[in-house]
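User: Could you take a close look at the largest nonpolar core for me? I'd like to know which residues sit at the heart of the contacts.

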Amino acid sequence: MVELPESHSGWTFVTNHARVLAAIADNPNVRIRDIAAHCRLTERAVQRIISDLEQDGYLSHTRDGRSNTYRIEPDKVLRHPAEAGLTVAALLSLLVQDETDHGRSVGTSSAARFSAAR
């Protein structure tokens with residue numbers, strides 16, 4: 001199970017779409033339930049966000065039995081004109097934590113693995 005972050009109140013810098021995308025980048029086999037818990041969203045909200053991301057070509061998935069494996073399109077450019085030219089990979093390099101931050105074994109960070117998979 002994913003460790004839950006502390007609760008917050010007020011505004012934040014990162015959108016729910018970016019949070020969901022970062023959770024998937026950190027683990028392409030993550031369950032919707034775990035994304036929802038980590039991002040403090042409902043499972044239905046996560047499903048809608050994943051649908052949005054797939055519909056616009058930022059994300060795709062393959063089904064293997066009861067689980068999904070997600071694939072992020074790292075070269076896709078962000079939607080807002082203020083981020084013209086900024087790619088999904090660049091965004092995720094800021095959002096996906098290094099494995100050492102999670103207390104895992106030392107090695108290649110999730111962001112580095114993500115960039116290398118491009």
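Analyst: The largest nonpolar core has 26 residues, and a core here is a set of buried Ala, Val, Leu, Ile, Met, Phe, Trp, Tyr and Cys residues joined through side-chain atoms within 4.5 Å. Buried means under 20% relative accessible area, exposed over 50% and partly exposed in between, with a 1.4 Å probe and protein chains only. Inside this core, the residues with the most contacts are Val20, Ile24, Ile35, Ile50, Leu59, Ile72 and Leu92. As for who supplies it, α1, α2 (32-39), α3, β2 (67-72) and α4 each put in at least two residues, and α1 gives the most, with seven. Those labels are DSSP runs numbered from the N terminus: helices are H or I with at least four residues, strands E with at least two.

This is a predicted model, so local features need pLDDT of at least 70 and side-chain atom pairs count only at pLDDT 80 or more, while totals for chains, interfaces and linings use all residues. Residues are numbered from 1 along each chain as its sequence is written, and side-chain values use heavy atoms, with hydrogens and water left out.

Let's zoom in on one core residue. Leaving aside residues up to four places away in sequence, Leu59 touches Leu21, Ile24, Ile50, Leu53, Glu54, Tyr70, Arg71 and Ile72, where contact means heavy atoms within 4.5 Å.

For contrast, look at two aromatics. Trp11 is exposed, with a relative accessible area of 65%, and Phe13 also counts as exposed, at 78%.
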